[in-house]
Amino acid sequence: MISEITMPSMGADMTEGTIVKWLKNEGDKVSKGDKLAEIETDKTVVEMESYNEGILKKILVKEGTKIGVGKTIAYIGDPNDTVPENGLSEEKQSDNEEEPEKLLLESTTENLSEEVVSVKNPQKITDIKEDPDNYRIKASPMAKKLANEKSIHLEDIIGTGPGGRITKDDVNNYVPGPRLVSSSSIGVKKTTILESSDIPLNSMRQAIAKVTVRSKTEKPHFQVTVEIDMTEAMKTRKDINEISEKDKIKISVNDLVLKATINSLIKYPKWNSFFDGEKLTGHSSINLGIAIALDQGLIVPAILDSQNLDLFALSIASKSLGKRARGDGENLTNDELTGATFSTSNLGMFGTHSFTAIIVPPQSGIIALGTVKKEPKVINDQILVREIMYATLSADHRVGDGAEGAIFMNEFKQNLEKPTRLLL
Amino acid sequence: MSEMIMREAIKKALEESLENDPNVLIMGEDIGEYGGAYAVTDGLLKKFGSNRIKDTPISEATFIGAGIGAAAAGLRPVVELMSISFSLVGFDQIVNMAGNLRYMSGGQISVPMVIRAPTGAGVQLGATHSQSFETWLAEVPGIYCVCPSNPKDALGLLRTSIKNNNPVIFAEPALLYGSKGEVPEDYYEIPLGSANIVKEGNDITIMSYGAGMSIIEEVNQKLEESNISAEILDLRSLNPIDYKTIEESIKKTNKLVAIDTSRKNGGIMAELVSTIQEKFLDWLDGPIIRIGAEDVPWPYNKDLENAAYPSSNKVIEKIYKQLLN
Amino acid sequence: MATLKEEKNKKNIKNQKSSLEKTEMLDLYRQMFLIRQFELACAENYTKGNVRGFLHLYIGQEATAVGSISCLNNKDYIVTHYRDHGHALARGLDVNRTMAELFGKKTGLSKGKGGSMHLFDSARKFMGGHAIVGAQFPLAAGLALACQYKETGGIVVCFFGDGSTNQGTYHETLNLASIWKLPILFILENNKYGMGSSIDKVRAGGEDFYTGVSTYDIPASQVNGMDVLAVKEATKLAVDKIRKEGGPSYLECKTFRFVGHSLADGQKYRKSEEVKFWERQDPIEKFPKWLISAGIINQKELDEINQKVKEEIQNSVDFATSSENPEKSELNEDIYEMQD
């Protein structure tokens with residue numbers, strides 16, 4: 001019976017060995033216990049014994065050749081036995097040239113799971129997890145947990161623990177409203193020294209600095225602010241979300257705002273064009289930019305061809321854009337990063353009443369949105385509680401005048417106050 | 001209840017075990033006629049004879065190993081070391097034999113033995129005799145490790161330790177051999193792996209074991225003066241550790257101070273604090289304060305030794321600086 | 001120079017050869033051959049990756065374990081060093097379970113948790129191969145203390161190599177055994193090398209060890225460890241003395257391992273002539289030749305024994321191969337004995 005002789009394993013840490021010398025020649029008789037070859041490991045040279053009997057039919061690996069543990073190096077058999085064909089072809093495979101490739105292939109499969117893990121970028125994972133709300137606010141883990149349960153923002157609480165740490169008691173004693181000095185420190189003059197070390201700018205901050213200065217020096221900005229009664233829009237949103245619950249799509253206030261912006265731009269496409277020094281360059285698509293605050297800084301990627309999307313598609317596109325911007329999913333494309341034709345910036349989630357934004361060059365306008373908040377309003381001589389949002393357009397005066405801006409913003413307002421338009 | 005000092009309590013447990021179980025025997029250096037370096041076994045030779053109270057040569061590795069062998073063959077030896085620092089000489093026997101025998105025999109062999117050893121600094125014995133290696137031994141799987149802080153716990157824990165079918169390191173704080181305490185008249189045992197809430201409190205949990213409990217007493221007095229209600233926790237057992245009791249206390253007070261009388265670097269509290277923050281982070285209302293001895297060899301001079309030891313003043317200072325403000 | 005004790009031994013051995021029953025002789029041979037075949041199978045399976053860790057083979061030393069252990073009864077304990085397969089098999093540990101242990105399988109002696117260097121079978125009072133050199137001495141003292149304390153009549157045989165005599169526990173335990181009169185037979189397997197260090201490099205006091213033991217007031221003798229009958233007789237004398245009079249004894253067996261310290265040993269530290277010299281004294285070759293020439297057995301009987309042993313070893317490899325790995329849950333089992 002023909003038997004394969006393989007490179008023996010002389011230790012758990014041995015992965016390959018070198019045939020230093022064959023101690024038997026092809027055709028020699030081999031008994032059990034006979035020394036077949038000298039094998040060099042990375043530790044020492046050992047003599048390899050035969051555990052088989054017969055004739056050394058074929059030596060596959062030449063002296064001086066290094067080969068992996070378990071690989072066939074020779075055949076022992078009876079005189080009549082023939083060496084298998086694949087054994088001879090294996091001889092070629094075990095030549096020095098072929099071997100590395102084979103080993104490489106094996107190691108790739110073995111390490112597959114490891115590689116999958118290493119593909120994930122730890123930087124990006126932490127980016128998502130870090131809660132910018134709590135950044136640099138010192139609070140004990142217990143206080144954070146409590147504040148979260150009570151829906152209190154940590155920045156609203158004054159920490160009285162060592163180093164200004166917010167403690168459990170600080171959260172429990174928190175009274176909403178203007179910041180009160182906690183009772184224990186009434187009448188005590190506090191000396192607070194702010195951390196004042198220099199902060200080097202990352203590349204993104206440097207870019208933001210350049211772009212905003214360029215925009216404010218080149219572009220004559222003017223602003224138009226409108227007050228929008230969002231009561232109907234909020235109701236519609238609620239209805240939609242109830243109906244579409246099973247589809248797991250939740251329309252946000254911002255999705256309504258995006259749709260209103262697109263509708264207004266379709267009606268007044270001038271604001272979707274750029275001033276290029278000589279003329280206004282128009283665009284056939286509305287690539288709607290959305291300002292996204294990352295830890296490293298602000299980016300304004302665009303939903304491409306947004307004029308073709310209905311509210312739901314827009315909502316999905318907007319959420320996907322946000323996720324991908326934070327490193328979850330495919331990277332943003334160059335078109336998305338630089339192709340916006342008009343932008344929106346929403347700070348409503350921070351409770352902002354209203355603000356003005358700087359236009360992203362070369363665009364012509366950006367709408368800045370505050371929070372939706374209940375306010376008393378006189379309607380038909382009655383005081384009613386309405387949900388109000390303030391929106392401020394920053395526009396390039398070279399593209400249009402104040403009146404045009406006002407008309408555009410009125411269209412935007414109408415879209416949101418009569419929200420069925422958003423569903424068309 | 002009757003008042004007892006620590007060495008009497010330990011002796012009582014030994015005496016009872018010798019009376020109740022013919023397989024119990026005691027081995028160690030000068031435990032017979034001499035009565036033991038700390039006089040714990042004084043008088044036992046007379047009562048039980050040299051067959052059961054066995055003086056050994058000064059060969060720690062060998063008489064620890066002999067204890068292990070005797071235990072593996074069905075006896076219940078209690079081996080006394082003159083100092084836990086001497087365990088170093090027999091470390092291979094303790095770790096590789098006592099700790100590993102059961103596992104590497106696939107559960108075939110049991111080692112029901114107790115290794116008693118005085119531990120800790122505070123009595124001016126210098127670098128070689130003042131260490132607290134129960135903190136090292138507590139890491140070894142297969143071995144239990146306990147350390148009482150008062151006569152009542154010493155009696156209850158030693159009773160349980162001798163009855164246990166596994167090797168138990170029974171560390172006895174050298175500072176406390178003469179300390180007094182109330183001990184119940186009725187028979188009781190204290191299970192291994194059970195921490196003790198010495199005093200309930202609401203504002204802060206302070207935990208230690210062995211000689212560290214005396215420091216906590218002083219700390220507590222000072223905290224009480226400031227109307228701070230401390231919950232005092234005595235670990236009693238370093239392996240296994242009673243995380244349940246620790247958990248309950250932390251959930252109540254949300255603040256933890258951990259005191260080691262051994263060197264801070266790599267002390268048992270380092271392990272505990274690490275695990276506690278993993279398990280109970282959201283219940284912590286501030287950093288866990290860890291205080292241990294200075295990371296130096298133990299000095300002989302009293303002032304220097306005091307300086308290396310974790311005093312109650314050091315503890316109080318750290319509590320106010322980092323936790324209470 | 002032969003001592004008086006040796007002379008006495010030789011005389012007794014001569015008488016012994018004729019007084020042993022044929023079945024006893026055959027059994028001695030069968031066990032030695034079993035160990036040799038077991039070790040060869042281990043080596044083969046090591047090169048295949050089935051056996052891992054460090055593998056120390058007993059090849060060449062079979063007569064020592066077989067001759068000595070044949071004198072023990074079921075009250076007696078055995079502790080040994082990490083080159084422990086031979087003692088385990090001579091003690092009658094199940095061949096299948098021993099092989100399965102080396103394969104790390106759940107059917108192994110220790111459910112695959114011990115490995116080659118840590119073989120245990122407490123039912124046969126086989127209290128372990130011990131892999132920290134010299135660590136088994138104190139354990140032997142303790143086991144002997146228990147025999148003495150409980151008056152079981154049992155003794156302890158403690159095997160050790162020449163390398164371990166430089167450990168403190170060797171001297172400490174000889175001393176303790178002597179002053180406590182512990183029933184221990186210390187059996188030194190002097191194979192001349194502690195790993196790659198020859199005795200003359202690491203020992204003060206020459207190449208004989210038994211002469212130094214008188215310091216501890218322990219009776220000691222030396223025997224040719226390649227002669228199974230000589231070992232058996234010398235052991236019997238020592239064991240009888242311990243059982244009768246109490247206290248320890250010491251037997252030095254001069255032996256040799258034909259193979260490296262472990263499998264990854266190029267044996268640069270010794271000459272092949274030396275190995276060949278000792279191989280000529282191979283008990284697996286010499287003893288059966290003597291059995292045939294003395295007319296105790298014929299070649300056919302020998303072949304039958306060999307064939308059966310080979311089958312037994314092949315079966316053990318098959319058993320180990322087909323056995324399952326221990327379950328993951330075993331990881332946390334057998335650390336502590338649980339009590340109510």
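1. In chain B of this predicted model, one helix-to-helix contact is a good place to begin: from helix α3(B) the residues A61(B), I64(B), G65(B) and I68(B) take part, and they meet D92(B), Q93(B), I94(B), M97(B) and A98(B) of helix α4(B). Sorted by chemical character, the residues of this contact comprise six nonpolar, two polar and one charged.

2. The geometry of the pair can be followed in the structure, where helix α3 of chain B covers residues 60–72 and helix α4 of chain B covers residues 91–99. The two helices pack at an angle of about 15°, and their axes are 8 Å apart. Because angles under 35 degrees count as roughly parallel, α3(B) is described as roughly parallel to α4(B). The crossing that α3(B) and α4(B) form is right-handed.

3. A second pair in chain B may be set beside this one, namely α9(B) and helix α10 of chain B (residues 268–280), which pack at an angle of about 60° with their axes 11 Å apart. At that angle α9(B) and α10(B) are therefore oblique to each other, and α9(B) passes α10(B) in a right-handed crossing. On the α9(B) side the participants are Y243(B), I246(B), E247(B) and I250(B), while α10(B) brings I276(B), K279(B) and F280(B) to the contact. The residues of the contact between α9(B) and α10(B) divide into five nonpolar, no polar and two charged.

4. Some backbone details deserve a careful look, and the general background is that most residues other than glycine have a negative phi, and most peptide bonds are trans. In chain A, P361(A) and P362(A) are joined by a cis peptide bond, with omega about 0°, and P362(A) has its place in the loop between β16 (342–346) and β17 (365–369) of chain A. In chain B, the peptide bond that runs from N239(B) to P240(B) is cis as well, with omega near 5°, and P240(B) lies in the loop between β12 (237–239) and α9 (243–253) of chain B.

5. Two residues that are not glycine should also be checked for their phi angles. N254(B) has a positive phi of about 65° and lies in the loop between α9 and β13 (256–263) of chain B. Is N254(B) buried or exposed? Since N254(B) has 25 C-beta neighbours inside 10 Å, N254(B) counts as buried. D217(C), for its part, has a positive phi of about 60° and is found in the loop between α8 (199–202) and β7 (220–224) of chain C. Because D217(C) has 12 C-beta neighbours inside 10 Å, D217(C) counts as exposed.

6. Turning to the contacts between chains, the one between chain C and chain B takes 34 residues from chain C and 34 residues from chain B. On the side of chain C that touches chain B, β2 (126–130), α6 (136–150) and α7 (168–179) of chain C each supply at least two residues, and α6(C) gives the most, with ten residues. That side of chain C divides into 17 nonpolar, eleven polar and six charged residues.

7. The contact between chain A and chain C takes eleven residues from chain A and eleven residues from chain C. The side of chain A that touches chain C is made up of six nonpolar, four polar and one charged residue.

Methods. Residues numbered from 1 in each chain as written. Chains lettered and ligands numbered in written order. Predicted model: local features only at pLDDT ≥ 70, side-chain atom pairs only at ≥ 80, totals over all residues. Contact = placed C-beta atoms within 7 Å. Helix = DSSP H or I, 4+ residues; strand = E, 2+ residues; numbered from the N terminus. Nonpolar A, V, L, I, M, F, W, Y, C, P; charged D, E, K, R; others polar. Axes fitted to C-alpha atoms, helices over the stretch in contact; angles between N-to-C directions. Parallel < 35°, antiparallel > 145°, perpendicular 65-115°, else oblique. Left-handed = near helix turned anticlockwise from the far one by under 90°. Buried ≥ 20, exposed ≤ 12 C-beta atoms within 10 Å, placed from the backbone.
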